[in-house]
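Hello,

Here is the structure that I promised to pass on to you. Please open it beside this email and follow along as you read.

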Amino acid sequence: MTLKLNDTYLKKFISEHEYNCIAPMVEVADKMLRSKTGAGNSFLGWLDLPENYDKEEFARIKDAAKRIQSDCEAFIVIGIGGSYLGSKAVIDFLKQSNNNSSLPEIYFAGCNISATSLNELISVCKSKNVCINVISKSGTTTEPAVAFRILRALLEEKYGVEEARKRIYVTTDKSRGTLKAFSTQQGYETFVVPDDVGGRFSVLTAVGLLPIAVAGIDIDELMHGANAARLAYTDTNINNNDAYKYAAIRNILYRKGKNLELLVGYEPYMAMIQEWWKQLYGESEGKDGKGIFPASVIFSTDLHSLGQYIQQGNRMLFETVLSINDSKSSLEIPYDEANIDGLNFLAGKDINDLQQTAMKATQLAHYDGGVPNIHIELEERSAYCLGYLIYFFELACAISGYILGVNPFDQPGVEDYKNNMFAMLGKPGYEKLKQELESRNI
Ligand code: PA5
């Protein structure tokens, strides 16, 4: 069992006939997806990616990763949204189990507009040997473009133009965009964001794979895990397909007014997986006035801040608990003769047992408090299992979006703030919008 969906804590919220009612919709959604007849069907490259990837580029990614590992102490990944969340999620999830001090430190830039963050990275660039991977599918996103301009100038100043060229790696569209044109002109090594894979579905392309490989993570295992999930989730019957069942449950709960889903983790190393998942579901489903709002918590930390709300606040939420059966780390609680803290009843127990108990106690309390609870159990903390989980969430997201009646593969709303910002900053071509905004006197 690599991944298991446990519905124990859903029983009083969803009855059998509700599963029966939604089953035909899942079948239709599957048909739209597999026959590529649904909305956004030109962005389905991720569906077969774990098998159908560019093998020549994959080998080049591994070679580049080895070179980067030996050429630098600090590797700066520049990108935002789908161009950084996946790699950061995978690296954070696996890094402690993968600790190797000979590998470069990995930093992320261009994922915010913060002089403080950029100044910190400028100090890193000055004091350490650095390589850069700039990632942008469009090649025009402001945050990474500005970070790249600043850090590239620094590298050129530090190493000279020729040496800097060898330290800059670009991941972008294969033929379009400013970044592609600039890379060709400069002679940077480039990797491709496939046309048919959107940003939030791109972690298993060069977008995610190059930084992940530099972090020393086995990208073959990641792909094998994703491919195993691809092969496992083909049955259209929700009783035989946990990805489809997850999509079905979300939709049943949404129709009952459960508008907010909390992805719950019990390990701090899961925080960026939660961020990646939020983008995947939020950007795929939040449109046409619909969609579950994706949020996240780390327990037991957040039980001491948000626990009260979850237990007794507005009943518009449900939880999806993601637990890892084998975290590959253990720690026994010691016996203490004096027992002044009164904790000897825990002596000899592992912290993992304590975590399991906290999880069960919380699930039960929240269930009793009116919070439906989906439980996803992952076998272990490994690249294989994580690849499996990534594919599980991507597939479920596509099915869930189609059941909801939206195009899960576009993100028209993301452009609105960008356009306003370009107009306000005086970008050529945005003069009319600038005038309109100014006339509103806000
Ligand atoms: O999912 C998406 O499309 C977005 O989050 C993008 O990944 C993000 O805006 C970055 O875009 P780009 O890779 O074009 O710089």
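**What I found**

Let us start with one residue: Q279 lies in helix 11, residues 271–285. Helices here are DSSP runs of H or I with at least four residues, strands are DSSP runs of E with at least two, and both are numbered from the N terminus. Q279 is buried, at 12% relative accessible area. Buried means under 20% relative accessible area, exposed means over 50%, and partly exposed is in between, using a 1.4 Å probe and protein chains only. Leaving out residues up to four places away in sequence, Q279 touches G81, G82, L85, R200 and S284; a contact means heavy atoms within 4.5 Å.

Before going on, please keep in mind that this is a predicted model, in which local features need pLDDT of at least 70 and side-chain atom pairs count only at pLDDT 80 or more, while totals for chains, interfaces and linings use all residues. Residues are numbered from 1 along each chain as its sequence is written, and side-chain values use heavy atoms, with hydrogens and water left out.

**The open sheet**

Now look for an open sheet of 5 strands, in the order 3-2-4-5-6, with parallel pairing. Strand 3 (105–109) and strand 6 (189–192) are at the edges, and each has a single partner strand, so one side of each has no neighbour in the sheet. From one strand to the next, the twist averages 20°. Two strands count as paired if DSSP finds at least two bridges between them. Strand 4 (residues 130–136) and strand 5 (residues 168–172) run parallel and are joined by 5 bridges, and I135 stands opposite T171 in strand 5.

Which helices pack on this sheet? Helix 2 does, touching strand 2 (74–78), strand 4, strand 5 and strand 6, and its direction makes about 135° with that of strand 6. Helix 5 (residues 142–159) packs on the sheet as well, touching strand 2, strand 3, strand 4 and strand 5, and its direction makes about 155° with that of strand 4. For these angles, axes are lines fitted to C-alpha atoms, for helices over the stretch in contact, and the angles run from 0 to 180 degrees between N-to-C directions.

**Helix 2 and helix 8**

Helix 2 (residues 55–71) also packs with helix 8 (residues 206–214), at an angle of about 40° and with the axes 8 Å apart. On the helix 2 side, E57, F58, I61, A64, A65, I68 and Q69 take part, and they meet A206, L209, L210, A213 and V214 in helix 8.

F58, in helix 2, is worth a closer look. Is F58 buried or exposed? With 6% relative accessibility, F58 counts as buried. F58 and A206 are 148 residues apart in sequence, yet their C-alpha atoms are 7.6 Å apart in space. Neighbours within four places aside, F58 is in contact with Y53, L209, I219, D220 and M223.

**Strand 10 and its partners**

Strand 10 (residues 373–380) has 6 of its 8 residues buried, so it is largely enclosed by the rest of the structure. Strand 1 (residues 3–6) runs antiparallel to strand 10, with 4 bridges joining them, and N6 stands opposite H375. Strand 9 pairs with strand 10 in the parallel sense over 7 bridges, where E319 has N373 as its bridge partner.

**Backbone details**

Most residues other than glycine have a negative phi, and most peptide bonds are trans. Three places in this model are worth checking against that.

- The peptide bond from F299 to S300 is cis, with omega near 5°; S300 is in the loop between strand 8 (293–298) and helix 12 (307–312).
- K328 has a positive phi, near 65°, and is in the loop between strand 9 (317–326) and helix 13 (351–368). K328 is partly exposed, at 47% relative accessibility.
- N339 has a positive phi as well, near 50°. N339 is in the loop between strand 9 and helix 13 and is partly exposed, at 27%.

**Cysteines**

How many disulfides are there? Taking a disulfide as a pair of cysteine sulfur atoms within 2.5 Å, the count is 0. Why does C111 have no bond? The closest cysteine sulfur, in C125, is 14 Å from the sulfur of C111, which is too far for a bond. C111 is partly exposed, at 21% relative accessible area, whereas C385 is buried, at 2%.

Enjoy exploring, and best wishes!
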